[in-house]
Amino acid sequence: GTLPSVRLLLQFDFVMTQRLVAMHVRWLDSCALSHNRALWLYALLARLHKPLHRDTCAVLRQLVKRLLALRDSCDEPAALNALL
């Protein structure tokens with residue numbers, strides 16, 4: 001896939017950003033966390049507007065749980081610390 005660019009990210013509104021974060025979190029159930037996916041997650045998380053909606057908070061809690069499980073099972077846990 002394509003890497004996140006500032007130009008592309010600025011085209012996403014708040015709702016689209018929330019949906020994309022939720023989609024990436026759901027994809028972590030079935031796919032490994034690739035370098036590109038980690039870049040996308042980081043960029044999308046930076047674009048979230050504050051204060052966060054309760055649904056977004058729930059998705060972020062799911063993300064943290066999955067990332068912690070991945071970090072516990074991987075050989076190089078420091079790579080996931082940027083997302084946590």
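This passage describes the overall fold, the nonpolar core and two buried helix residues of a predicted model.

The protein contains 4 helices and 0 strands, and its elements follow the order α-α-α-α from the N terminus. Along the principal axes, the C-alpha atoms occupy a box of roughly 35 × 30 × 20 Å. For a chain of 84 residues, a compact globule would be expected to have a radius of gyration near 12 Å; the value for the protein is 13 Å, which agrees with that expectation. Among contacts with a separation of 6 or more, 62% join residues 24 or more positions apart.

The surface was examined next. The accessible surface of the protein amounts to about 5800 Å², and carbon and sulfur atoms contribute 58% of this area. Of the 84 residues, 29% count as buried. The protein carries 11 positive and 6 negative charges, and the mean positions of the two groups lie 10 Å apart.

In soluble globular proteins, nonpolar side chains tend to be buried together. In this model, the largest nonpolar core comprises 19 residues, of which Leu 9, Phe 12, Val 21, Leu 44 and Leu 63 touch the most other members. Two or more residues of this core come from each of helix 2 (14-30), helix 3 (35-47) and helix 4 (54-73). When residues up to four places away in sequence are not counted, Leu 63 touches Val 25, Leu 28, Leu 41 and Leu 45.

Two residues of helix 2 were considered individually. His 24 belongs to this helix and has a relative accessible area of 8%; because this value is under the 20% limit, the residue is classed as buried. Apart from neighbours within four places in sequence, the contacts of His 24 are Arg 37, Trp 40, Leu 41 and Leu 44. One of these, Leu 44, is also among the core residues that touch the most other members.

Leu 28 is likewise located in helix 2. With a relative accessibility of 10%, Leu 28 also falls under the 20% limit and therefore counts as buried. Beyond its neighbours within four places in sequence, Leu 28 is in contact with Leu 33, Arg 37, Leu 41, Leu 63 and Arg 66. Arg 37 and Leu 41 thus appear in the contact lists of both His 24 and Leu 28. The pair formed by Leu 28 and Arg 66 is separated by 38 residues in sequence, while the C-alpha atoms of the two residues are 7.5 Å apart in space.

Methods
Residues are numbered from 1 along each chain as its sequence is written. This is a predicted model: local features need pLDDT of at least 70, side-chain atom pairs count only at pLDDT 80 or more; totals for chains, interfaces and linings use all residues. Side-chain values use heavy atoms; hydrogens and water are left out. The radius of gyration is taken over C-alpha atoms; the globule rule is 2.2 Å times the number of residues to the power 0.38. Buried means under 20% relative accessible area, exposed over 50%, partly exposed in between (1.4 Å probe, protein chains only). Contact means heavy atoms within 4.5 Å. Accessible areas come from the Shrake-Rupley method with a 1.4 Å probe; for residues, only the protein chains shown count as cover. Lys and Arg count as positive and Asp and Glu as negative; His and the chain ends are not counted. The place of a charge is taken as NZ of Lys, CZ of Arg, CG of Asp or CD of Glu. A nonpolar core is a set of buried Ala, Val, Leu, Ile, Met, Phe, Trp, Tyr and Cys residues joined through side-chain atoms within 4.5 Å.
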